[in-house]
Amino acid sequence: MAIDAIARKSDHWFKLVDVNGDGRIQHSDLQALADRTLKHFGYEKGSAKGRRLTEAYDRAWVSMAEAMDADRDEEISKEEFRSYMENNAKKENAEKLLRPVTDAEFAAADVDDDGLLSPSEYAKLLQAWGLSSSEAEKGAGNIDTNRDGQISSEEYFRACRDFFVGELTSRTGQVFGQVK
Ligand SMILES: [Ca+2]
Ligand SMILES: [Ca+2]
Ligand SMILES: [Ca+2]
């Protein structure tokens, strides 16, 4: 994939996750993102969905630090993240690294517990991450690959995976809002 496309995707995602806006990703950014998501959906931290999301993000931080924090300063810089995306983001690793996170996010967003995300449930998840409702709606339409009007956990996982390891297309470029 073109280096430019990877840099654009990396920087887009980075900005969403760098909650405190200091240009680096720390464990506290992921904790803040989990807290914000739970608050947005109205779950207590100690609820089943709350614990699941918090634990998934805590584990994600450990995996991310291991894979990306090259200088071991407990922070992931933009450069470290880009370098990971350029050199090490592989489809075959996505199942192990990403699935626990996407499943926990999916469960949090599946408000009516029917095992599927409606476009509005999905949009609510993206809004929790700071995206506008129109961006969120666009994202939902692109992830629903079988066009049944609902997002399955598999569709959600694949969309996130393809965002990280796939080509930058009109589908993958909108999973977390439009990549500029
Ligand atoms: Ca930060
Ligand atoms: Ca670092
Ligand atoms: Ca649902």
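The following questions and answers introduce a predicted model of a protein chain.

Q: Which pattern of helices and strands does the protein chain follow along the sequence?
A: The protein chain contains 8 helices and 2 strands. Read in sequence order, these elements give the pattern α-β-α-α-β-α-α-α-α-α.

Q: What radius of gyration does the protein chain have?
A: The C-alpha trace spans about 45 × 35 × 30 Å along its principal axes. A compact globule of 180 residues would have a radius of gyration near 16 Å. The protein chain agrees with this expectation, its own value being 15 Å.

Q: Where does UniProt place the feature "domain: EF-hand"?
A: The annotation comes from an unreviewed UniProt entry. Over one of the annotated ranges, residues 56-91, the chain is 67% helix and 6% strand. Over another, residues 143-166, the chain is 58% helix and 0% strand. In full, the record places the feature at residues 5-40, 56-91, 106-132 and 143-166.

Q: Why do the buried residues of helix H7 lie on the same side of H7?
A: The buried residues of H7, which runs over residues 133-143, are Ala136, Gly139, Ala140 and Ile143. They lie on the same side of the helix because they cover an arc around the axis of only 100 degrees. In general, an α-helix has 3.6 residues a turn, so residues three or four places apart point the same way. The value that accounts for the shared side of H7 is thus an arc of only 100 degrees.

Q: Which helices are included in what covers the buried residues of H7?
A: The residues to be covered are Ala136, Gly139, Ala140 and Ile143. Their cover includes helix H6 (119-128) and helix H8 (153-165).

Key. Residues numbered from 1 in each chain as written. Chains lettered and ligands numbered in written order. Predicted model: local features only at pLDDT ≥ 70, side-chain atom pairs only at ≥ 80, totals over all residues. Buried ≥ 20, exposed ≤ 12 C-beta atoms within 10 Å, placed from the backbone. Helix = DSSP H or I, 4+ residues; strand = E, 2+ residues; numbered from the N terminus. Arc of directions from axis to C-beta. Contact = placed C-beta atoms within 7 Å. UniProt positions renumbered as here; feature names shortened; annotations may be inferred. Rg over C-alpha atoms; globule rule 2.2 N^0.38 Å.
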